[in-house]
Amino acid sequence: MTAPEPPRAPGGCPVAHGAAYGGAPHSGGLPMGVPLTPLYGQAVADDPHGLYARLRERYGPVAPIELEPGVEAWLVLGYGELLELTRNEALFSKDSRHWRVPAEGRLAPDSRLQPMTAWRPTLLNLDGAEHQRLRAAVSDTLAQIDHRQLRETTEAAANGLIDSWGPDGTADLIGQYARALPLLVSTQLVGLPTGSGPRMIELISHFVDSGPESVRAAGEFQATLAELVRHRRTAPGADLTSWLLAHPAALTDEEAAHHLVVLMIAGNETCINWIGNTLRLLLTDRRFRATLTGGRLTVSDALEEVLWRDPPTQNFPGRWATGDTVLGGQYISAGDMLVLGLAAANADPAAQGAASAAQGSLGGNRAHLAWGAGRHVCPAQHPARIIVETAIETLLHRLPDLQLAVPSGELSWRPSPWSRALVALPVLYSAFTPPRPPAPERPAWTPPTTPAAPDPSPSGSTPSDATSTERTPGSGQPARPSWWNSLVGWWSGR
């Protein structure tokens, strides 16, 4: 792509695009003299769709923003522009060492942006051949997951959590379900001790919210996984960590630990938010409420609609310009940071078409950018979908009369610039159906240090039409392996 020559002020100096809005020139190409729109705090939590619409109206498909006071960036709002950004790594690199802000000494060592923007030797931060080497290792490792067993393990964990809830017919589907379930599964997948889940959730939340504790949490999280890598190097098991270390790409311990950070954070945060946002849609949208009594829209439809409207990751850092160029009518300078506005690009009328945008229905359209695009598209889409779909279907099967405990307008969102995540999802229920009977036992892929669980029935089967009954302690529950009971009980504070 050949960049047009930017307009020049008298004397030959390039003029920043911001001057068109009354601002002064800026060495980074972003406007100065006008307040930059913050992509943090309550504004991005309360009404992100309105925020993105206002930015699009004022600036077009690429808008200047502020990530924290004194740290500027571009937010790519346009669907076509985001595709162009992700497909041209020669101009827009994943290597954050190109970023001008830290190079100019303007990013504090304790900046809450550090955990999400610091360079690491991972597939997320490299281009070209090195990226392909590391991506192959991660993709091949994920391909070793037994999908049928992943469904069964997820269903067993879901049933254990539901059974642990008290007899009063209330629950918080974020704190007691969505935030617990993916960690119960992924700690097994990577080979972590089963009791590490709650602490890992706390660390991940600090990490992705870019909050005051993000730097400390990132350090502790990294140290935990580095220790796991050292252990599995000498004592391999049937887990993702061991498979990653055994891959022909020959990852170093440092590379392996950093990739576990990526898998744990991206995988868990995505699943947590996707579960929560889909359950919210099912409980608040009449099109989907009707589904439970014979309507046409399914859980699968709800999953896709969430990926369009409220994707688990609404913004993602980032790309860094390797030279001066133009994108979406804005002059981008070498070293500028560009944030992928995944939710904003999905809302671009050019992406959905005027008819679907007006009618509020996207049908079977899966052309959203929730997973990113280009060579860096998420490699863990299928395992994530299995976990999320199984979690939601199991919950709806067990609690068919589930309903919100508060008006939908009272639900609140975490103030994260990156995640689209509910703080809580309080619900009421009065009836339940028993779990599906267990299937015959089969070999498990869980780490050898953890007793294998007997399999529940295949999750792909259609939920039974059993009549709902009032919940009574212990009714209709098949025997569950003791380690599941103790783990879920520990998680629930018993």
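# Salt bridges, sheet and helix packing

A search of this whole predicted structure finds 22 salt bridges.

Trainee: Happy to start there! Which residues are linked with Arg100 in a network of salt bridges?

Mentor: Let's build it from the pairs. Arg100 forms a salt bridge with Glu104, with 3.0 Å between the closest N and O atoms. Asp336 also forms a salt bridge with Arg100, here with 3.1 Å between the closest N and O atoms. The network that holds Arg100 is completed by Glu72, Glu104, Arg106 and Asp336.

Trainee: How many residues apart are Asp336 and Arg100 in the chain?

Mentor: Look at where each one sits. Asp336 is in the loop between strand S8 (330-332) and S9, while Arg100 belongs to helix H4 (residues 100-103). The pair links distant parts of the chain, and the separation is 236 residues.

Trainee: Is Glu104 buried or partly exposed?

Mentor: Compare it with the cut-off: buried means under 20% relative accessible area. Arg100, at 14%, counts as buried, and Asp336 is buried too. Glu104 has 38% relative accessibility, so Glu104 counts as partly exposed.

Trainee: Which helices hold Glu389 and Arg151?

Mentor: These two form a salt bridge, with the closest N and O atoms 3.9 Å apart. Glu389 is buried at 16% relative accessible area, whereas Arg151 is partly exposed at 21%. The pair ties together parts that are 238 residues apart in sequence, because Glu389 lies in helix H19 (residues 381-398) and Arg151 in helix H7 (residues 147-164).

Trainee: On to the sheet, then. Which strands stand at the edges?

Mentor: Follow the order of this open sheet of six strands, S1-S2-S3-S9-S6-S4, which has mixed pairing. An edge strand here has a single partner, so one side of it is left without a neighbour in the sheet. That description fits strand S1 (37-38) and strand S4 (92-93).

Trainee: What is the sense of pairing between S6 and S9?

Mentor: S9 makes a nice case, as Leu338 is the bridge partner of Trp74 and also of Arg319. S3 and S9 run parallel and are joined by three bridges. With S6, S9 has four bridges, and the sense is antiparallel.

Trainee: Which residues of S9 point the other way from Met337 and Val339?

Mentor: S9 sends side chains in both directions, and the four residues concerned are all buried. Met337 and Val339 share one direction. The other way point Leu338 and Leu340.

Trainee: What is the bridge partner of Thr37 in S2?

Mentor: S1 pairs with strand S2 (residues 62-68) in the parallel sense, over two bridges. In S2, the partner of Thr37 is Ile65.

Trainee: Which strands does helix H2 touch?

Mentor: Helix H2 (residues 48-59) packs on the sheet, and its direction makes about 130 degrees with that of S2. The strands it touches are S1, S2 and strand S3 (71-76).

Trainee: Finally, at roughly what angle do H6 and H13 cross?

Mentor: Start with the contact: Glu130, Arg133, Leu134, Val138 and Leu142 in H6 meet Glu255, His259 and Leu263 in H13. By class, that makes four nonpolar, one polar and three charged residues. The crossing is right-handed. The axes of helix H6 (residues 128-142) and helix H13 (residues 253-284) come within 12 Å, and the crossing angle is roughly 65 degrees.

Notes:
Residues are numbered from 1 along each chain as its sequence is written. This is a predicted model: local features need pLDDT of at least 70, side-chain atom pairs count only at pLDDT 80 or more; totals for chains, interfaces and linings use all residues. Side-chain values use heavy atoms; hydrogens and water are left out. Axes are lines fitted to C-alpha atoms, for helices over the stretch in contact, and angles run from 0 to 180 degrees between N-to-C directions. A crossing is left-handed if the near helix is turned anticlockwise from the far one by less than a right angle, and right-handed if clockwise. Contact means heavy atoms within 4.5 Å. Ala, Val, Leu, Ile, Met, Phe, Trp, Tyr, Cys and Pro count as nonpolar, Asp, Glu, Lys and Arg as charged, and the others, Gly among them, as polar. Two strands pair if DSSP finds at least two bridges between them. Buried means under 20% relative accessible area, exposed over 50%, partly exposed in between (1.4 Å probe, protein chains only). A salt bridge is a side-chain nitrogen of Lys or Arg within 4 Å of a carboxyl oxygen of Asp or Glu.
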